[in-house]
Protein chains: 2
Amino acid sequence: MSNCLVAQSGGPTAAINASLAGVIDAVIRSNRYNTIYGSINGIQGVLQHKIISLNSTFENDADAIHTLMTSPAMYLGSCRYKLPSYTENPTQYEFIFETFRQMDIRAFFYIGGNDSMDTVAKLSEYAKSINYDIMVVGIPKTIDNDLVETDHTPGFGSAAKFVATSLLEIAHDTYIYDIESVTIVEIMGRDAGWLTASSALARNDYNHAPHLIYLPERPFSTFDFIDDLNKLLKSKKNVIVAVSEGIKDADGNYIAATNAVADKFGHAQLSGTGKALEQLVKSTIGCKVRSIELNVLQRSAMHISSLTDITEAFKLGQEAVASAEMGLTGIMLTLNREHSTNYNCSIGNVPVSEVANQAKSVPREWINPEGNDVTEDMINYLRPLILGEPKIRFKNGIPDYLSIKHLI
Amino acid sequence: MSNCLVAQSGGPTAAINASLAGVIDAVIRSNRYNTIYGSINGIQGVLQHKIISLNSTFENDADAIHTLMTSPAMYLGSCRYKLPSYTENPTQYEFIFETFRQMDIRAFFYIGGNDSMDTVAKLSEYAKSINYDIMVVGIPKTIDNDLVETDHTPGFGSAAKFVATSLLEIAHDTYIYDIESVTIVEIMGRDAGWLTASSALARNDYNHAPHLIYLPERPFSTFDFIDDLNKLLKSKKNVIVAVSEGIKDADGNYIAATNAVADKFGHAQLSGTGKALEQLVKSTIGCKVRSIELNVLQRSAMHISSLTDITEAFKLGQEAVASAEMGLTGIMLTLNREHSTNYNCSIGNVPVSEVANQAKSVPREWINPEGNDVTEDMINYLRPLILGEPKIRFKNGIPDYLSIKHLI
């Protein structure tokens, strides 16, 4: 029997460990592989010989698998590393495949986003070129939801649930004072507006906030923004705005950059987009204004993750193992939404070359004509992805996540 | 039968509605009062005749009471308003008590922090001076935990649980990369360090972050800070720092202020404390550095509140009604920790004059000699306050809080 390897790469999400749990669960259940190894810090771990066996921790311990499913960020650590082209620079590939050969690795599961799919593509092509028999399977994840060929990506639903919940709680916090105010919430997503759009899910029968939503897919005009605010402030005391960190003006300059400030040493300091807009509102409208950057909490807040998201991520991990057993390589798994009344996704796959180095933007028709909100179609697309709450275990008042002692 | 009035004031907490729910529950169960009125936006609502009856919404609806218990911020809205001295300016008092007389208000429950207790003191004294028979009872709340004469304040435990949970999740997010980094988490509490101290509750058997904790009770030295970091970076890749927004240098200047930057128009811009320290680390140590401001989420994130906190807040609300029935006025209720092995708090009360306009700092002996961490005694004091998780109901993937349509 041969062995297999799994690794994680790119930015953290609440669901990327659920996919790892799915891979480990399926490998342990099958009797195809002797040992399942984990590479620490993505493909870098292979290059640096930081590889651990996962069997002892997870075999015969369903509880460890379950705790892993509901632990944030990456149990195996991450990297932001893009392999060079193997025709130009084969050294690293030779090293990686010598390691694979020595360890008899015959399947490699890589959980990640765009750059990770590039790695899947290159490794599977190189393996073919040297006739090394290995199945290389990509499992998607990213809070940005910007991978093509899949209805959505694991990790996005949980981040969206955190954004929507926080927006609702910020609204409760904001409405209590009887004074005019503008609250600006800055949300991650430098090029794609999916996560910022999910702030619309905070709306319910009493809360209509966010009242304005600006995505990076549309040029941002500070003039229109102030105009939008002034119109709303005629009828509303408290206006709440959701804005992507990546909004740019018509010339393509980041709003954060055009409002860069200098520190006391004269160095330019790139303040956040929210902070830049806060200054703008302060100097033009003059009412109470506050900006809130959700920051890394939106990708790591496991305690408010989506059960739909976590479940799908786990199933994708299991399916990756089944795909390798079926002899599929150089693929990325996809989630395909069924066209039925109830939300339902099946798992498919595409050649990873069709996915790598591409990005899926929010379609123009899901943004309103004024460019300051999303449409009902967008909300219908988003809503099912945040449904359900996984059971998180607590110990001493804080979540009882799986130990990452090996990374520290 | 006479009537009673309840109102909320100051900054929001996750527990202040639980105290309101306790008051409403006890009033409905007793048959001492005909109607329980709520003043919108604290004492300002009385001055502006914004008073609503609460009976219809909550009578015979245990579900509404329960939903109120687990809804963030203030159902009745808030204000930041301090009454003038009644000897110097009696006009507002005359108006307030004329309203009380017309509505036959014979008990007034005010849930709030320091300034609200000042209002309780003044109203109860004025009532005595004009011989108006009314019981004025203060119910404490503040995420800052800085009220004297009570072991701790409702709202603090929930904020502390959010801070500790977020710190742990940020740690998971941070440890994944194999590069040197400093992460700075800015926590609320301008003058008191209790909430920043609670970040220590994020530590468990594998996570020792935050590695450094700086409270406003000790002068902050940027030199010592960089020295602390450099020492830790010798043995640790990722250093995580918890810092109070209110830290000041030895001359009493806010660190945020001394690092103020100018925007492109030349206006001084007070960046946050975390941002100021981020710039400092960038320019001196030069490694990857990120600052995270927890912002209003730490006071409004009901979805990760403490059951201990919510339960105590509810009981204080009930006890306030019992106290009024016993003829107590001009008091604030207190939580008194029993000296036993298991955590247990009884409810007491003190004359509100002993509480108003005072603040409780973190004692010197609960900060380590180096001034960059808290002691085991502090952790033992804090731990019980964050225990337990209330059941939060979800609808469409977001928390199903009680409607605050009347505030919007």
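This short presentation describes a predicted model of a complex, taking its confidence, domains, sheets, helices and two chosen residues in turn.

Let me begin with conventions. Residues are numbered from 1 along each chain as its sequence is written, while chains are lettered from A and ligands numbered from 1 in the order in which they are written. Since the model is predicted, local features need pLDDT of at least 70 and side-chain atom pairs count only at pLDDT 80 or more, whereas totals for chains, interfaces and linings use all residues.

On confidence, the predictor assigns the complex an ipTM of 0.95 and a pTM of 0.96. The pLDDT, which is the predictor's confidence in each residue on a scale from 0 to 100, averages 94 over chain A, with 96% of the residues scoring at least 70. Residues 260-269 of chain A stay under 50, and for this stretch the model has 23 contacts beyond four places in sequence. Here and below, a contact requires that the C-beta atoms of two residues, placed from the backbone, lie within 7 Å. Where pLDDT is low, the predicted coordinates should not be read in detail.

Let me turn to the domains of chain A. Domain 1 covers 2-155 + 303-359 and domain 2 covers 159-295; the bounds come from an automatic or database domain assignment. Their C-alpha centres lie 35 Å apart. Domain 1 of chain A contributes 11 residues to the contact between them, and domain 2 of chain A contributes 10 residues.

Chain A also holds helix α7, residues 156-174. Helices here are DSSP runs of H or I with at least four residues, and strands are runs of E with at least two, numbered from the N terminus. The expected span of a helix is 1.5 Å times one less than its number of residues. For the 19 residues of α7(A) this gives 27 Å, and the end C-alpha atoms are 26 Å apart, which agrees. As for cover, 19 of the 19 residues of α7(A) are buried. Buried means that 20 or more other C-beta atoms lie within 10 Å of the residue's own, exposed means 12 or fewer, and partly exposed lies in between, with C-beta atoms placed from the backbone.

How are the seven strands of the open sheet in chain A ordered? The order is β3-β2-β1-β4-β5-β12-β13, with mixed pairing; two strands pair if DSSP finds at least two bridges between them. At the edges stand β3 (51-53) and β13 (345-351) of chain A, each with a single partner strand, so one side of each has no neighbour in the sheet. Neighbouring strands are turned by 30° against each other on average, direction ignored. Strand β12 (residues 331-337) of chain A runs antiparallel to β13(A), joined to it by seven bridges, and T334(A) has G348(A) as its bridge partner in β13(A).

Chain B offers an open sheet of four strands, β7-β8-β6-β11, with parallel pairing. Its edge strands are β7 (212-214) and β11 (288-293) of chain B, each pairing on one side only. The average turn between neighbouring strands of this sheet is 15°, direction ignored. Six bridges link β6 (residues 181-187) of chain B with β11(B) in the parallel sense, and E186(B) is partnered by E293(B). Helix α11 (residues 273-284) of chain B lies across β6, β8 (238-244) and β11 of chain B, at about 175° to β11(B). Such angles run from 0 to 180 degrees between N-to-C directions, the axes being lines fitted to C-alpha atoms, for helices over the stretch in contact.

Next, the interface: 60 residues of chain B are in contact with 60 residues of chain A. On the side of chain B that touches chain A, the largest share, nine residues, comes from α7(B).

Finally, two residues of chain B. A14(B) sits in the loop between β1 (2-8) and α1 (16-29) of chain B and counts as buried because it has 35 C-beta neighbours inside 10 Å. Its C-alpha atom is separated by 5.6 Å from that of G155(B), 141 residues apart along the chain. Beyond four places in sequence, its contacts include P72(B), S158(B) and M302(B).

L335(B) belongs to strand β12 (residues 331-337) of chain B and is buried, with 21 C-beta neighbours inside 10 Å. The C-alpha atoms of L335(B) and T153(B) are separated by 7.6 Å. Among the residues that L335(B) touches are H152(B), E312(B) and I347(B).
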